[in-house]
Amino acid sequence: ESGRSEGEALAPRTLLALANSEFSARELAGMGYSHVEVAPLVPDWRRLVDTPVAPDVQRRVDESVEGPVVLFVGQLLPHKHPEFLVHAFHVLVTYLRPDASLVLVGAPRLARYAEALASDVAELNLRRVLTAGVVSDAELAAWYRRAGVFVTASEHEGLCVPLVEAMAFDVPVIARDLAAMPETLGRAGLLLPADATPILAAEAVDRVLGDGGLRDELVRRGRQRLAAFDP
C-alpha cells in the first residue's frame, strides 16, 4: 500500500514509466501514469543452470531431506503466503504423500512473520519442513536439481523469476492464477484458481508428483516457454 501511494505521488512528474511485465504496466497505468512501456526483464537463468555444484554440496542438499521435494524459492514475506504452502503440505503428508518434504528457500525478512511461520510448522507437527534461508548460487542450483515440483502461493509478483529458474531446471511449476503468474508461465505451469484452498493445492502437488505424463508435459512446455526469456 505504501509503495502504491508513493507511486501515485510520482505519476504527475513522470515522463516515461517502464514496467517489466504487462501486469506491472497495467498497475502503473492504474496509478495515473500516462506513458507506460514494457521492458521485459531478462532473468539470467543460464548462469544459474551453469553454476558449478560441488559433489559435497549436492550430497549435503540431497541428504538433508527425504522423499519427493516440494520447493519454494522467494523471500518469506506475507504477500508470498508461505503459510499457505505449509497448510497445503500438512494436507499432503497427512492424507496423500507422507514421505514428501517441503523446502522453503529465501530470506526471512520480517522476524515476527518468520516466527509465526515456524510456530505454525511446530503446531502442525510437520517434521519434514526445512527452512533453508539464504543460500549460495550453488546451493540454490542443488535445490532445483533435488526438487520434484516447484510451488508458490504468492498473490503479487511483477514477474516472479523463480518460476523461470524452475523451468530452466525442468522442474514442473504450480502457482495461483494471480498477478503476473499466468503471464510469466504462459501454458508452462499448472495454474490453480486465485481462491484455491490448501486442499486443492495439496491435490495438485500429489497429481504432478504421481502423474508421469502430466509431469513430462509440464517440463516440455517449460522448455518451450524459456525461449521467451532467452537473452
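This passage describes the open sheet of the structure, the helices that lie across it, and the surroundings of Arg146. The model is predicted, so that local features require pLDDT of at least 70 and side-chain atom pairs pLDDT 80 or more, whereas totals for chains, interfaces and linings use all residues. Residues are numbered from 1 along each chain as its sequence is written, and side-chain values use heavy atoms, with hydrogens and water left out.

Six strands (DSSP E runs of at least two residues, numbered from the N terminus) form an open sheet in the order 5-4-3-6-7-8 with parallel pairing, where pairing requires at least two DSSP bridges between two strands. Strand 5 and strand 8 (190-192) are the edge strands, each pairing on one side only. Strand 4 (residues 101-105) and strand 5 (residues 129-133) are joined in parallel by four bridges, and Val103 stands opposite Leu130 of strand 5. Strand 6 (residues 147-151) runs parallel to strand 7 (residues 173-176) with two bridges, and Val151 has Ile174 in strand 7 as its bridge partner.

Helix 7 (residues 137-146; helices are DSSP H or I runs of at least four residues) lies across strand 3, strand 4, strand 5 and strand 6, at about 105 degrees to strand 6; angles run from 0 to 180 degrees between N-to-C directions of axes fitted to C-alpha atoms, for helices over the stretch in contact. Arg146, which belongs to helix 7, counts as buried because its relative accessibility is 19%, the limit being under 20% with a 1.4 Å probe and protein chains only. Beyond neighbours within four places in sequence, Arg146 is in contact (heavy atoms within 4.5 Å) with Val61, Asp62, Val65, Glu66, Gly67 and Val69.

Note on methods
Buried < 20%, exposed > 50% of the residue type's maximum accessible area, 1.4 Å probe, protein only.
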